[in-house]
Amino acid sequence: PSHYAFAIRAACHEYRWEEAADLFLAQIGGIASDDDDQDNSRYRYNRSNLLAPGGFVPIDPTLGWDQPLQLGLYAVARNERSKMTLGRESAVGVSNPSKIVFETALRMCMMSPSNKENYVLAAGAALGRAGLWSDCLDFATSQENVISYGPSIAAAAMLACIESSRPIEALHAYEFFRSGNQETASEWQWAGGSMTAAKSTCRDLALNAMGGIYRGGCGDDARRFLCEIIDEDSPLSRNALLGVMRSFEYDGLWEASIDLLHAFVHSVYLPSIPKWRFVRDTMGLSSDYTETEAVLSKQEREELLAEMLTSTMRACNRSGHFGLAILQCNILDSTYFNKDAFPSKEDCITSTILSQGLIKNRSVFECYSHSLRKLGCGRITELLTRKLSQDWNSIKDRNPRLDTKYMRISDSWCSAMIAMNRIIETCLLIRRGNESTSSESLILVERVERD
């Protein structure tokens, strides 16, 4: 019932985990105990509380932190963590948070068996958000629990690690389940049938985790996983795609970043129906995939494009290709993002840059300004910051001002950027079949072709 969801949310906001957990457990009849005669707060709603709805109320299986399922399980996890921290003992001994949370999920399956995967995933996410990722891993890697809960527990364990910002442990869990270390489960762990969805979810979560390992080293594996997903025509989440891009960034694979960026533009950003099967969130892989889930709104596509461009520019900057980072932004903005507007022909370089739409994104601007500073264009960055700060609350300038000895480089790059924009404009006109191009622009194109 919705009033229970609102009451649980209110209790969580007040950090009253026990009351929130009791309200949630009251809807599903509590948790089975080895000794039902002992008095325990987890069962009191089933016995005497007049507000209890009688138990065994089906819980909406929709995943998300704004949904009653994950919020309720999170309250249970936080309540058990409090007991574990305080050293309190329950009717069955020392509190075992993962056991209790997963048993709660299993009890919900009695009312809705078809939603078991969602309930198990929500349990893993709740434990991770509560900081109980280690306890969840210990529980999930037990052979007995793998058999009891099925393949979904692998994804739940990985999700718990990711929710706790433990990407390395999430990848270790992925390798554990994939390698078949669980003797009984090894034969069916990555087989067909119902395992297909769990494999897709785990692989998607693995890509997400790879993007969180700042020390790098995952770029080649991420590329291989992505190729497998595209070749199999399997769904791909937004977080997984960004994970691949960030793994390229941390490894300094700027060429791979550029290739993926333009592949995304042609396969997802431009088509009305993406060529890649897309879901907005990893949790969407656990449900039946529909084509409507793959269609991102215009705003979602633009936000994703800006994030991928930012990562590509960072990869270029990491490798010292500062001019290439700027070029990628200019090409992407003029060719795809802001197709109806040509680059400015003004000699004022700040006006030329400000005519771009992508530069208004703060993350893109930070990468753009970093590239400009490394090229000796500190004054231009200061002018851009002052102009854009009128739209933003604040832009922190962490870089010191450059000396005048860099001005010669700055002047050369201003001229280079103006020429760059003229070449982009000429290419767009030629592509559209427009022959009204200036002789100066044609000379620039011919010079580029010779080089």
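This is a short talk on a predicted model of a protein, covering confidence, the core, one helix and a few salt bridges.

I'll start with confidence. The average pLDDT of the protein is 76, and 66% of the residues score at least 70. Two stretches need caution. Over residues 31-52 the pLDDT stays under 50, and the model has 44 contacts beyond four places in sequence for them. Residues 340-347 also stay under 50, with 16 such contacts. Which elements sit at the two ends of the confidence scale? Helix α3, residues 44-47, has the lowest mean pLDDT among the elements, at 40, and α13 has the highest, at 94.

Now the overall build. The secondary structure amounts to 22 helices and four strands. The protein has 451 residues, and 51% of them are buried. Of the contacts with a separation of 6 or more, 70% are between residues 24 or more positions apart. The accessible surface is about 21600 Å², and carbon and sulfur atoms account for 48% of that.

Next, the inside. The largest nonpolar core has 111 residues, and within it Phe 102 and Phe 264 touch the most other members. Helix α9, residues 152-163, gives the largest share of this core, with nine residues. What does Phe 102 touch, leaving aside residues up to four places away in sequence? The list is Val 120, Ala 123, Gly 124, Leu 127, Cys 136, Phe 139, Tyr 149, Ile 153 and Ala 156.

Back to α13, the helix with the highest mean pLDDT. This helix covers residues 238-251, and at 1.5 Å a residue its 14 residues should span 20 Å. The end C-alpha atoms are 20 Å apart, so the expected and modelled spans agree. Is α13 mostly covered or mostly open? Mostly covered, with ten of the 14 residues buried. Among the buried ones are Leu 241, Leu 242, Val 244, Met 245 and Phe 248, but also Ser 247 and Glu 249. After the helix comes Gly 252, which has a positive phi, near 75°.

Last, the charged pairs. Side chains of opposite charge can pair when their charged atoms come close. The count of salt bridges here is 13, and I'll go through three.

The pair Lys 83 and Glu 80 has its closest N and O atoms 3.7 Å apart. Both residues lie in helix α4, residues 68-86, three residues apart, which is about one turn of the helix. Are these two buried or exposed? The cut-off for buried is under 20% relative accessible area. Lys 83 is at 5%, so Lys 83 is buried. Glu 80 is at 1% and therefore counts as buried too.

The second bridge joins Arg 203 to Glu 228, with 3.4 Å between the closest N and O atoms. Arg 203 lies in helix α11, residues 195-210, and Glu 228 in helix α12, residues 219-232, so this bridge ties together parts that are 25 residues apart in sequence. Arg 203 is buried, at 2% relative accessible area, whereas Glu 228 is partly exposed, at 29%.

Glu 228 also meets Arg 224 in a salt bridge, at 3.7 Å from N to O. That pair lies within helix α12, four residues apart, about one turn. Arg 224 counts as partly exposed, at 38% relative accessibility. A network of salt bridges links Arg 203, Asp 221, Arg 224, Glu 228 and Glu 232.

Definitions and conventions. Residues are numbered from 1 along each chain as its sequence is written. This is a predicted model: local features need pLDDT of at least 70, side-chain atom pairs count only at pLDDT 80 or more; totals for chains, interfaces and linings use all residues. Side-chain values use heavy atoms; hydrogens and water are left out. The expected span of a helix is 1.5 Å times one less than its number of residues. Buried means under 20% relative accessible area, exposed over 50%, partly exposed in between (1.4 Å probe, protein chains only). pLDDT is the predictor's confidence in each residue, from 0 to 100. Contact means heavy atoms within 4.5 Å. Accessible areas come from the Shrake-Rupley method with a 1.4 Å probe; for residues, only the protein chains shown count as cover. A nonpolar core is a set of buried Ala, Val, Leu, Ile, Met, Phe, Trp, Tyr and Cys residues joined through side-chain atoms within 4.5 Å. A salt bridge is a side-chain nitrogen of Lys or Arg within 4 Å of a carboxyl oxygen of Asp or Glu.
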